[in-house]
Amino acid sequence: MTLIRPRQKITQADWAAYMQKRAAVSHEPSLKRFFTTPPPSLDTPIAEVPMVALDMETTGLDERRHAIVSIGLVPFTLGRIKLAERRYWVVKPPRPLDEKSITFHHITHSEIANAPDLEAITDTLLDAIAGRIVVVHFRHIERPFLDAAIKARRGEGVMFPVIDTMSLEARIYRQKLWARFRRWLGRPPVSIRLDASRRRYGLPSYQGHHALVDALATAELFQAQIATHYEPSTPLGALWS
Amino acid sequence: MDVELLEVRQHMGQFPPFDRLPDALLDEIASRIEVSYFKTGSDILTLNETMTDLCYIRSGAVEVYRRQGELYNRLGEGDIFGHFSLLRDQKVHFPARAIEDTLIYFIPGDVFKQLCDDDDDFADFVELERPRLETAAEQQKKSNDMMVTRIRKLVTRYPVMVEETTTVQKAAEQVSLAQASAVLVLKEGSTHPRFSFQDSEGHTWQVCGILTDSDFRTRVVAEGLSPQTPVGEVVSPRLISVQSDASIYEAMLTMLRNNVHHLPVLYRQRPMGVVHLSDIIRYETHSGLYLVSNIFNQSSVEGLARLAPDVRAAFVRMVQEGANSHMVGSALSTIGRSFTRRLLELAEESLGPPPVPYCFMVNGSMARNEQSIVTDQDNALILSDDFVPDEHDAYFKALATFVSDGLDACGYTYCKGDVMATNTQWRQPLSVWKSYFTDWIANPTPERLLHSSIFFDLDSLYGEDVFVEALQDLIAEQAPQSPLFLAAMARNALNRTPPLGFFRTFVMEKDGKHNNSINLKRRGTAPMVDLIRVHALACGSKAQNTFQRLDAIADTQLLASGVSDKLSYAFEFMCMSRLRHQVIDLEEERVPDNNIEPENVADSERHTLKDAFQVLSNAQKFLKFRYPVPAHRAGR
């Protein structure tokens with residue numbers, strides 16, 4: 001996590017207006033379709049919000065230098081995570097992987113070499129997340145990588161609201177008075193990584209780093225966070241960013 | 001296979017019933033599940049809501065309740081619930097709540113249905129108690145059929161039979177002609193009802209004995225008798241026989257016990273054939289069983305006591321070779337009886353012949369032929385009514401003491417309740433015993449019967465069998481007529497109840513409390529024996545063995561159809577669990593006991609045991625309802 005640079009502020013104050021504006025100016029049919037299917041409004045109770053957990057495996061942490069290798073997603077609601085509707089793709093980065101040293105979990109280099117370019121799945125991917133709130137653990141990967149990748153291929157990027165389970169975890173465990181007291185005592189901060197966060201809710205530990213398994217893990221974590229710290233009636237606006 | 005589903009299917013693949021599913025089916029399930037998280041205390045299923053999915057606990061813990069809110073089960077990782085309602089009408093009958101933070105995998109109803117259709121093991125697992133218990137019990141039964149196959153199967157032809165007036169030469173000729181090796185000797189009329197029968201023309205005959213090849217040699221030729229001697233004069237007056245429905249195993253033990261090689265097989269009193277030891281050995285040889293003949297070769301208590309390790313070894317081998325509880329129980333009882341019988345023979349050798357006839361009676365598990373390796377001695381003496389205490393009791397006291405001490409030395413510890421012939425109270429003439437039983441039946445209170453119920457399992461071991469038969473007749477006649485007695489026995493049968501099941505490494509009680517181990521005798525097999533005894537007494541059965549009692553009960557309308565089968569499967573399974581855990585104890589060089597520790601209980605055994613506990617629990621509820629305290633004594 002040492003490579004994280006300060007980024008432009010991408011949180012939109014008014015997602016509905018933003019999506020509407022993009023829909024009006026977009027020339028790309030799939031993107032137009034994406035922006036004309038906006039996610040629920042910010043006052044919708046979270047129990048009624050259709051969501052999709054998204055996770056990617058990338059060659060690095062910088063979307064300008066690195067590329068997507070795999071994408072996993074699972075549509076879900078507060079009540080149910082629907083494994084039957086899961087999607088998982090391995091995609092070939094535009095430049096060949098010169099660094100053979102990079103190892104991916106569950107993916108072989110030949111699998112990557114034989115995979116399609118992201119272009120081939122872009123439409124399906126956008127349709128799968130359209131109208132849903134994307135839920136990720138650590139929002140500075142999936143959204144910027146997807147934005148950059150689609151901008152490179154279609155000339156226009158994508159931007160959409162996300163719920164970040166890591167930010168929620170930080171809000172709960174790092175910004176409370178108790179957390180500040182711990183810091184004052186010199187105790188290390190509570191870990192907010194995916195697996196550590198899940199353990200706090202009694203969730204089983206998974207063999208991590210597979211994009212789909214991590215997407216599933218993220219969806220479960222979000223259900224647990226809501227069940228523990230929020231209400232089914234909590235408005236979406238209180239959770240997204 | 002989708003590698004991304006590995007997480008899901010690997011987990012499910014560890015737990016029954018999924019552990020037996022083929023990979024392709026597991027993948028299909030994993031790809032269709034839906035996941036949901038439940039905070040501690042939140043409802044997973046609420047009563048009467050529509051349900052469409054089977055629930056699988058991925059992590060956490062869940063409590064399932066009955067309609068009235070009574071705890072039904074506590075479940076943990078890898079357990080399933082909701083199948084009962086799903087099979088019935090897709091409405092929640094047993095609400096469920098998370099008692100820890102819990103992650104549930106929902107398996108859609110159509111996948112569940114397909115699994116039930118495609119996979120018999122899976123269907124057996126989810127279709128409630130009976131089938132699972134049945135399969136488990138049946139699987140145990142198949143293994144060693146020498147103990148369940150009836151001796152009549154080895155009878156291939158009618159016996160050679162001659163009248164007692166026939167000459168030995170003629171008899172020998174008939175034996176040779178038939179290529180047999182023994183002949184049964186009959187006489188007309190009846191002096192001994194046990195061996196009397198009528199032929200097709202209405203003549204009454206009595207089997208007075210058997211003459212074998214070796215008898216012709218030792219009793220006729222070696223004695224220099226004339227070939228014209230009537231067989232009635234040389235035949236042995238002592239007839240050892242076996243009923244046609246006895247198991248091959250029992251027949252073999254009878255031979256070994258009495259040191260005979262030929263055994264007439266009787267259907268009721270009618271001879272239907274003769275089996276020879278070689279017939280049985282041809283059928284199957286089983287070295288462990290020769291232990292019994294070894295017992296009879298011992299001439300001292302010390303010698304007998306040295307055989308105790310052999311008993312344990314035979315026990316372990318039998319359980320490991322897959323004998324069912326009936327086989328193990330009757331084998332161990334036979335061994336126990338042989339020890340006792342041999343001790344009685346030794347006692348009579350040193351004390352001289354008894355001054356008056358007597359019967360050595362056994363009670364409890366030995367009478368039921370259900371002994372395990374952990375057992376104490378329960379016995380009594382029934383003396384002839386000619387008994388005069390001042391003259392004769394010294395003899396019988398010495399006899400009882402010799403046997404009781406000997407049994408203790410052989411590993412059959414003294415009875416804690418003092419149900420032993422050494423106790424004057426239990427060393428009495430037949431008339432006194434009759435008055436004991438009449439009094440227990442006529443004036444019962446649960447308190448009085450608590451200590452005497454052991455006498456309602458009774459069998460003769462040695463001596464005058466008719467004494468015990470007289471008591472069995474008395475019980476069979478009086479017990480069904482006494483609702484008060486049955487009610488008192490029923491109340492005592494409810495004193496010990498089964499636990500709810502297992503949860504992780506604990507035993508779950510009905511009130512939700514946990515224990516580290518469970519005494520499977522006290523909490524399972526013994527209450528079951530008590531319960532079945534009450535029904536057997538009510539229907540006037542003279543059977544002592546629990547399975548035979550169940551057969552007798554099944555012939556009446558006492559229980560709803562199928563219930564006695566259920567009880568039988570549940571009993572068999574609990575007995576086997578207990579035996580298996582005793583084997584574990586012996587293998588780990590611990591003193592075997594009746595406790596089982598949940599960590600030694602395999603997953604499938606847990607589920608089946610829980611079903612068995614449930615069957616017992618239901619049967620206890622019915623018992624209370626079936627034998628109420630009669631109104632004129634209870635209320636006013």
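Leaving aside neighbours within four places in sequence, His83(B) is in contact with Leu54(B) and Val126(B), where contact means that the C-beta atoms of two residues, placed from the backbone, lie within 7 Å. The model is a predicted one, in which local features need pLDDT of at least 70 and side-chain atom pairs count only at pLDDT 80 or more, while totals for chains, interfaces and linings use all residues. Residues are numbered from 1 along each chain as its sequence is written, and chains are lettered from A and ligands numbered from 1 in the order in which they are written.

His83(B) itself belongs to helix α3 (residues 83–88) of chain B; helices (H or I, at least four residues) and strands (E, at least two) are DSSP runs, numbered from the N terminus. With 19 other C-beta atoms within 10 Å, His83(B) is partly exposed. On this scale a residue is buried if 20 or more other C-beta atoms, placed from the backbone, lie within 10 Å of its own, exposed if 12 or fewer, and partly exposed in between. A separation of 9.4 Å lies between the C-alpha atoms of His83(B) and Gly109(B), which are 26 residues apart along the chain.

Turning to chain A, nine helices and six strands are found, and 38% of its 241 residues count as buried. Of the contacts in chain A with a separation of 6 or more, 67% come from residues 24 or more positions apart. Helix α6 (residues 165–173) of chain A offers a local view, with Thr165(A), Leu168(A) and Glu169(A) buried. Seen down the axis of α6(A), these buried residues fall within an arc of 100°, so they line one face of the helix; the arc is that of the directions from the helix axis to the C-beta atoms. The cover over them includes β5 (133–136), β6 (162–164), α8 (194–200) and α9 (211–229) of chain A.

The two chains meet where 19 residues of chain B are in contact with 23 residues of chain A. On the side of chain B that touches chain A, two or more residues each come from α2 (23–32), β1 (34–38), β3 (53–59) and β8 (102–108) of chain B. The largest share, four residues, is given by β1(B). This side of chain B divides into six nonpolar, five polar and eight charged residues, with Ala, Val, Leu, Ile, Met, Phe, Trp, Tyr, Cys and Pro counted as nonpolar, Asp, Glu, Lys and Arg as charged, and the others, Gly among them, as polar. Strand β3 (residues 81–82) of chain A is joined to β1(B) by two bridges, and the two run antiparallel; strands pair if DSSP finds at least two bridges between them. Here Ile81(A) has Val35(B) as its bridge partner in β1(B).

Further along chain B, three strands form an open antiparallel sheet in the order β20-β21-β22. At its edges stand β20 (501–503) and β22 (514–515) of chain B, each with a single partner strand, so one side of each is left without a neighbour in the sheet. Three bridges join β20(B) to β21 (residues 506–508) of chain B in antiparallel fashion, and Gly501(B) stands opposite Met508(B) in β21(B).

Helix packing in chain B can be followed through α21 and α23. Residues of α21(B), among them Leu520(B), Met528(B) and Ile532(B), meet residues of α23(B) including Leu567(B), Phe571(B) and Arg578(B). The residues of this contact divide into eight nonpolar, three polar and two charged.
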